[in-house]
Amino acid sequence: MTAKEFFSKNLNVPNVLTMIRLLLVPVYVALFVGGQKYAALATFLAASLTDLLDGRIARKYNLITDFGKLVDPFADKVMVLTALFSMAIGSPAIPPVVPWAAVIILLLKELVMVVGGIAMYKHGIVVYSSLIGKAAHCVFIAGLVATYFHDWFAQVCAGWPLTPDLLLLWLGVCITLCALVFYVSDALRKAKEKGII
């Protein structure tokens, strides 16, 4: 396929939105490192909006491409993990908030999903996104966004074992693990039906 054919096939609104999301990652990092927490948050929210829009536009106007199927989830994970790591590491002007235990759990979950997804795909098995997976993603994103206001929560909820932002984040982690159990069970069921295991 020539470059002209590639762009002709893949240059559409959903894919442009996906590429914008990827381009917003270094913008986010620069703002966060510079201590501009709320500008970084606004960038993260803008990137999340492109994620919401590109899928809807692609489905509504039948603009789904193989390029989009591959790059869209990659761009989403890169943006979310960048925000997650930034809030776990902090910067000279922004103290860390997200516990490393949550980061490690989510990284292991993603690793299992990627490795398992590749293994299943080699056998012609595709495990599709589920309602619980989407719910886990939404709750986790809400918890992650709430951590940007951790200082305010800490003042308002002084004396709480966990502030509301971290409670929401951990709830997202728990639902994510439930989603992982669902995906693994679904993959194993499909593998048994095909006689692979």
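Eight salt bridges are found in this structure, which is a predicted model. A good place to start looking is Arg 21, which pairs with Asp 51 and also with Asp 72. Another pair to visit is Lys 109 with Glu 110.

**Arg 21 and Asp 51**
- In this salt bridge, the closest N and O atoms of Arg 21 and Asp 51 lie 3.5 Å apart.
- The contact links distant parts of the chain, with Arg 21 sitting in helix 2 (residues 13–33) and Asp 51 in helix 3 (residues 37–60), 30 residues apart.
- Both partners, Arg 21 and Asp 51, are buried.

**Arg 21 and Asp 72**
- Here the closest N and O atoms of Arg 21 and Asp 72 are 2.5 Å apart.
- This pair, too, links distant parts of the chain: Arg 21 belongs to helix 2, while Asp 72 belongs to helix 4 (residues 66–89), 51 residues apart.
- Arg 21 counts as buried because its relative accessible area is 1%, and the cut-off for buried is under 20%.

**The network around Arg 21**
- Through salt bridges that share partners, Arg 21, Asp 51, Asp 54 and Asp 72 are joined into one network.

**Lys 109 and Glu 110**
- If you move along to Lys 109, you will find a salt bridge with Glu 110, where the closest N and O atoms are 3.4 Å apart.
- Lys 109 is buried, and Glu 110 is buried as well.

Methods:
Residues numbered from 1 in each chain as written. Predicted model: local features only at pLDDT ≥ 70, side-chain atom pairs only at ≥ 80, totals over all residues. Heavy atoms only, no water. Salt bridge = Lys/Arg side-chain N within 4 Å of Asp/Glu carboxyl O. Helix = DSSP H or I, 4+ residues; strand = E, 2+ residues; numbered from the N terminus. Buried < 20%, exposed > 50% of the residue type's maximum accessible area, 1.4 Å probe, protein only.
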